[in-house]
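Thanks for sharing this one. Here are some notes to read alongside the model, point by point.

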Amino acid sequence: MKKDASKLMTEEKFWTIIEESDRGRKLKECLTLLSEEELFGFRYWWEYFCKLSYKQELWAVAYVVLGGCSDDGFDYFRFWLIAQGREVFYNALENADTLCDVFSELEDPEGEDYPEQEDLDYAVQTVLGERTGDGDYFYAAAEDYSLPGYADGIEIEWEEDNEESIRKVCPRTFDKWWGNDVF
């Protein structure tokens with residue numbers, strides 16, 4: 001019987017770790033203090049929020065700000081979004097256009113603050129691999145835990161070749177960031 005990973009860490013604890021990670025910059029260091037069960041609890045919430053943020057409005061914002069956004073790029077954008085913390089994350093779920101202001105406040109938009117952070121998704125795997133000396137340990141151990149998995153399938157209401165359709169989804173972000181070379 002698989003362990004219910006959602007019960008191994010509270011949502012509150014997850015967001016506390018995210019806050020302590022300095023927008024993901026110190027995520028690995030924060031996770032090294034956790035037990036294996038807590039790591040899988042963290043991973044549960046990570047996948048849960050990745051799935052929850054699989055929304056066409058957020059993809060439109062990422063597309064505008066990044067000057068295009070592939071499937072993988074949208075995953076990396078959502079990893080970055082989670083690392084921004086609870087308030088930014090939930091505000092963006094409610095209204096993706098709230099990210100317009102977040103992008104303006106980034107300290108290092110071409111470096112550590114770039115709104116795609118692929119490495120964050122591997123933090124738990126890295127910690128467990130370093131702890132056990134087995135880079136694949138996470139995948140074998142994950143069989144013992146129930147995790148939500150990532151979302152697939154999304155209905156996109158905007159078209160890449162139709163600027164006005166994108167603008168309808170995220171007007172503030174579009175007006176400020178369309179064609180901007182910051183990212």
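**Notes on helix packing, rings and loops**

1. Let me start with a pair of helices: H3 passes H5 in a right-handed crossing. Helix H3 covers residues 36–52 and helix H5 covers residues 71–83, and the two pack at an angle of about 115° with their axes 10 Å apart. On the H3 side the contact is made by Trp46, Phe49, Cys50 and Lys51, and on the H5 side by Arg78, Phe79 and Ile82. Sorted by type, the residues of this contact are 5 nonpolar, 2 charged and no polar. Please keep in mind throughout that this is a predicted model.

2. Next, the aromatic residues. The structure holds 31 aromatic pairs. Take Tyr44 and Tyr48: their ring centres are 6.2 Å apart and their planes stand at 20°, so this pair is stacked. Both tyrosines belong to helix H3, where they are 4 residues apart, about one turn of the helix. Their surroundings can be read from the accessible areas: Tyr44 is buried, with a relative accessible area of 16%, while Tyr48 is partly exposed, with 31%.

3. A second stacked pair links separate helices. The rings of Trp80 and Phe103 have centres 5.5 Å apart and planes at 15°, so they count as stacked. Trp80 sits in helix H5 and Phe103 in helix H7 (residues 99–104), so the pair ties together parts that are 23 residues apart in sequence. Are these two residues buried or exposed? Trp80 is buried, with a relative accessible area of 1%, and Phe103 is buried too, at 2% relative accessibility.

4. It is worth colouring the aromatic cluster when you next open the model. One such cluster is formed by Phe14, Trp15, Phe42, Tyr44, Trp45, Trp46, Tyr48, Phe49, Tyr76, Phe79, Phe89 and Tyr90. Among its members are Tyr44 and Tyr48, the stacked pair within helix H3. The cluster also includes Trp46, Phe49 and Phe79, which take part in the contact of H3 with H5.

5. Now the cysteines. How many disulfides does the structure hold? The number is 0. For Cys30, the closest cysteine sulfur is that of Cys50, 17 Å away and too far for a bond, since a disulfide needs the sulfur atoms within 2.5 Å. Cys69 is in a similar position: the closest cysteine sulfur, in Cys170, is 12 Å away, again too far for a bond. Cys30 counts as buried at 14% relative accessibility, and Cys69 counts as buried at 10%.

6. Helix H8 (residues 123–132) deserves a look as well. Its buried residues are Ala123, Val124, Gln125, Val127, Leu128 and Gly129. These buried residues pack against helix H2 (27–31), H3 and helix H9 (137–141). Just after H8 comes Gly133, with a positive phi of about 80°.

7. Leu31 gives a view of the H2 side. This leucine lies in helix H2 and counts as buried at 0% relative accessibility. Leaving aside residues up to four places away in sequence, Leu31 touches Ile17, Leu39, Phe42, Ala123, Val124, Val127 and Arg131. Of these partners, Ala123, Val124 and Val127 are among the buried residues of H8, and Phe42 is a member of the aromatic cluster. From Leu31 to Pro171 the distance is 37 Å, C-alpha to C-alpha, with their positions 140 residues apart in sequence.

8. Finally, please check the backbone in the loop between H1 and H2. Most residues other than glycine have a negative phi. Asp22, however, has a positive phi near 55°, and Arg23 likewise has a positive phi near 55°. Asp22 is found in the loop between helix H1 (11–20) and H2, and Arg23 lies in that loop too. Which class of exposure do Asp22 and Arg23 fall into? Asp22 is partly exposed, with a relative accessible area of 31%, and Arg23 is partly exposed, with 22%.

Key
Residues are numbered from 1 along each chain as its sequence is written. This is a predicted model: local features need pLDDT of at least 70, side-chain atom pairs count only at pLDDT 80 or more; totals for chains, interfaces and linings use all residues. Side-chain values use heavy atoms; hydrogens and water are left out. Buried means under 20% relative accessible area, exposed over 50%, partly exposed in between (1.4 Å probe, protein chains only). Axes are lines fitted to C-alpha atoms, for helices over the stretch in contact, and angles run from 0 to 180 degrees between N-to-C directions. A crossing is left-handed if the near helix is turned anticlockwise from the far one by less than a right angle, and right-handed if clockwise. Contact means heavy atoms within 4.5 Å. Ala, Val, Leu, Ile, Met, Phe, Trp, Tyr, Cys and Pro count as nonpolar, Asp, Glu, Lys and Arg as charged, and the others, Gly among them, as polar. Rings of Phe, Tyr and Trp (its six-membered ring) pair if their centres lie within 6.5 Å; planes under 30 degrees apart count as stacked, over 60 as edge-to-face and the rest as tilted.
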